[in-house]
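Got your viewer open? Load the model below and let's walk through it one selection at a time.

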Amino acid sequence: MFDYPWGDFALNLLVTAGALVVFFAIVMAIAHLMNDHSIIDITWGPAFVVVAAVSYLMSAGSDGDDTRRLIVLALTAIWGLRLGIYIGRRNLGKGEDPRYTALLRSRKGRPLIPFLVKKIYGMQAVLAWIVSIPVQFAVYVSRGVDALVIVAIAIWTIGFLFEAVGDWQLARFKADPANAGKIMDRGLWAWTRHPNYFGDACVWAGLFVLALGSPWGVLTVFSPILMTWLLTTFSGAKLTEKGMRRKRGPEFEAYVARTSGFFPRPPRKATAEPNA
């Protein structure tokens with residue numbers, strides 16, 4: 001039960017690292033030609049598809065269960081491609097994100113390519129490689145489809161629906177001119193201020209559970225923990241809410257008071273103002 005092809009897995013890690021270097025080098029070259037480095041946001045999801053596809057091919061002929069391998073590839077690809085398409089439709093044609101413009105302005109004469117690798121593309125590649133380790137691990141698990149696989153798919157499905165439906169609801173809300181200047185607090189957004197981030201965290205929890213077909217898979221638990229930290233603290237909810245507080249002020253604070261910050265729950269009832 002504790003047997004695992006560590007040599008094959010180690011080789012897989014090396015090959016996927018190389019694949020991500022090539023992938024992000026191509027993205028960087030395209031972004032430089034377009035003069036828009038914010039296109040890297042579009043490639044975050046597809047980077048994991050690259051890792052999953054390479055891992056699926058590398059594990060062919062190994063002791064990894066073929067059905068589990070296919071499930072790992074399919075779940076990662078569906079999530080990653082949907083995310084890339086959604087962000088691409090949302091961002092393309094709107095110019096470079098001010099965050100990247102400001103970052104490039106801070107270069108102050110330093111060589112461009114090393115700066116881009118250190119500040120943008122290298123960091124994204126390293127994070128994608130680390131977070132994807134359960135995906136790389138799971139394709140070499142020899143155990144067939146069992147209850148844990150069903151649990152993994154269920155967790156992934158809940159996460160995918162939260163993320164996809166939340167993004168769809170927000171896109172519809174923003175497309176209506178009558179909602180200009182308003183805070184999205186309907187649908188899933190009434191239950192959590194970040195249904196997309198909560199869903200993303202669940203997706204990676206589900207992919208981690210797929211790695212538990214081997215007892216050694218528990219060693220990859222850092223992946224969903226890291227992804228959840230990124231989503232809630234490093235570059236996700238924290239930055240989003242900082243901007244919302246600056247733009248919406250008291251209206252956003254009222255939304256915060258009645259709506260969960262991450263885990264979904266029914267919204268609290270607004271408290272009445274005390275009489276003067």
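Here is a short tour, starting with how far to trust the model and then moving on to some helices.

**Stop 1: colour by confidence.** Keep in mind that this is a predicted model. Colour the protein chain by pLDDT: the mean is 93, and 97% of the residues reach 70 or more. Which helix has the lowest mean pLDDT among the elements of the chain, and which the highest? Select residues 237-248 for the lowest: that is helix H10, with a mean of 83. Then pick residues 133-138, helix H6, which has the highest mean, 98.

**Stop 2: a stretch to treat with care.** Now select residues 272-276, where pLDDT stays under 50. The model has zero contacts for these residues beyond four places in sequence. Where pLDDT is low, predicted coordinates should not be read in detail.

**Stop 3: what the record says.** An unreviewed UniProt entry lists several spans as "transmembrane region", among them residues 12-31 and 38-58. Select residues 12-31: the span is 100% helix and 0% strand, and its end C-alpha atoms lie 28 Å apart. Go on to residues 38-58, where the span is 90% helix and 0% strand. Here the end C-alpha atoms are 31 Å apart.

**Stop 4: H4 against H5.** Show residues 98-105 (helix H4) together with residues 112-131 (helix H5). How do they pack? Their axes are 11 Å apart, at an angle of about 130°. That angle makes H4 oblique to H5, and the crossing is right-handed. Turn on side chains to see who makes the contact: Tyr100, Leu103 and Leu104 come from H4, while Leu112, Phe115, Leu116, Lys119 and Ile120 come from H5. Sorted by class, that gives seven nonpolar residues, one charged and no polar.

**Stop 5: H7 against H8.** Finally, select residues 147-175 (helix H7) and residues 195-211 (helix H8). Are these two roughly parallel or roughly antiparallel to each other? Their axes cross at roughly 160° and come within 7 Å. Angles over 145 degrees count as roughly antiparallel, so H7 and H8 are roughly antiparallel to each other. H7 passes H8 in a left-handed crossing. On the H7 side, the contact includes Ala152, Trp156, Gly159 and Glu163. From H8, look for residues including Pro195, Gly199, Cys202 and Leu210. Counting by class, this contact has 15 nonpolar, five polar and three charged residues.

Methods: Residues are numbered from 1 along each chain as its sequence is written. This is a predicted model: local features need pLDDT of at least 70, side-chain atom pairs count only at pLDDT 80 or more; totals for chains, interfaces and linings use all residues. Side-chain values use heavy atoms; hydrogens and water are left out. Axes are lines fitted to C-alpha atoms, for helices over the stretch in contact, and angles run from 0 to 180 degrees between N-to-C directions. Helices (H or I, at least four residues) and strands (E, at least two) are DSSP runs, numbered from the N terminus. Angles under 35 degrees count as roughly parallel, over 145 as roughly antiparallel, 65 to 115 as roughly perpendicular and the rest as oblique. A crossing is left-handed if the near helix is turned anticlockwise from the far one by less than a right angle, and right-handed if clockwise. Contact means heavy atoms within 4.5 Å. Ala, Val, Leu, Ile, Met, Phe, Trp, Tyr, Cys and Pro count as nonpolar, Asp, Glu, Lys and Arg as charged, and the others, Gly among them, as polar. pLDDT is the predictor's confidence in each residue, from 0 to 100. UniProt positions are given in the numbering used here, feature names are shortened, and annotations may be inferred rather than shown by experiment.
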